[in-house]
Amino acid sequence: MTFLLCPLQQLLPKSDTCYLVDLKGRCCIVDELRRPGNGSTVLLKVAGILEWGVTMFHPNRILTEDGLLLEDDLLEDVTVVGLVTHEVSALNVSDSSPV
């Protein structure tokens with residue numbers, strides 16, 4: 001269990017394009033240079049507002065965390081900021097979960 005005491009920089013590769021994003025109660029590591037694949041979780045900028053989403057190809061669509069399906073003309077205002085590579089979760093000792 002000593003790996004849990006290591007700084008995050010020692011656990012993950014160092015990169016100037018990766019950063020930690022805490023948005024809407026979800027904390028993820030985002031890489032802005034990696035290209036998303038079908039079903040990838042991404043950080044989006046929708047009309048200037050950051051949002052989590054899932055990419056879908058053929059046809060091109062993005063499903064936001066709020067359940068909004070963006071396709072066709074609605075994708076014009078959407079920018080994929082980066083690909084979610086890891087999700088960071090807190091583990092509590094008093095938690096009864098098996099992990």
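In the predicted model, Val42 stands opposite Gly53 of strand β4. This pair belongs to the antiparallel arrangement of β3, which spans residues 41-46, with β4, and six bridges connect the two strands. The hairpin formed by β3 and β4 has two residues between the strands, and Ala47 adopts a positive phi near 50 degrees there.

Gly53 also takes part in the pairing of β4 with β5, where its bridge partner is Thr64. Strand β5 comprises residues 61-64 and runs antiparallel to β4, with four bridges between them. Gly53 thus has Val42 opposite it in one direction of the sheet order and Thr64 as its bridge partner in β5.

Strand β3 is further joined to β7, residues 78-88, by five bridges, again in the antiparallel sense. Within this pairing, Lys45 is placed opposite Thr79 of β7. Strand β3 is therefore flanked by β7 and β4 in an open, antiparallel sheet of seven strands, ordered β1-β2-β7-β3-β4-β5-β6. The edges of the sheet are occupied by β1 (18-23) and β6 (69-71); each has a single partner strand, so that one side of each is left without a neighbour in the sheet. On average, and with direction ignored, neighbouring strands of this sheet are turned by 40 degrees against each other.Thr55 is located in strand β4, which covers residues 49-56. With a relative accessibility of 4%, Thr55 is classed as buried, because this value falls under the 20% cut-off. The side chain of Thr55 reaches the backbone oxygen of Gly37 at a distance of 2.6 Å. Gly37 is also among the residues that Thr55 touches beyond four places away in sequence; the others are Pro36, Asn38, Gly39, Ser40, Val42 and Arg61. Of these contacts, Val42 lies in the pairing described above, opposite Gly53, while Arg61 falls within the residue range of β5.

Outside the strands, Ala90 is found in the segment that follows β7. Ala90 has a relative accessible area of 71% and is accordingly exposed, since this value is over 50%. The C-alpha atom of Ala90 is separated by 9.5 Å from that of Cys27, although the two residues are 63 residues apart along the chain. Thr55 in β4 and Ala90 after β7 thereby represent opposite classes of accessibility, the former buried and the latter exposed.

Conventions:
Residues numbered from 1 in each chain as written. Predicted model: local features only at pLDDT ≥ 70, side-chain atom pairs only at ≥ 80, totals over all residues. Heavy atoms only, no water. Buried < 20%, exposed > 50% of the residue type's maximum accessible area, 1.4 Å probe, protein only. Polar contact = N/O pair within 3.5 Å; in protein donor to acceptor, adjacent residues only side chain to side chain. Contact = heavy atoms within 4.5 Å. Pairing = 2+ DSSP bridges. Axes fitted to C-alpha atoms, helices over the stretch in contact; angles between N-to-C directions.
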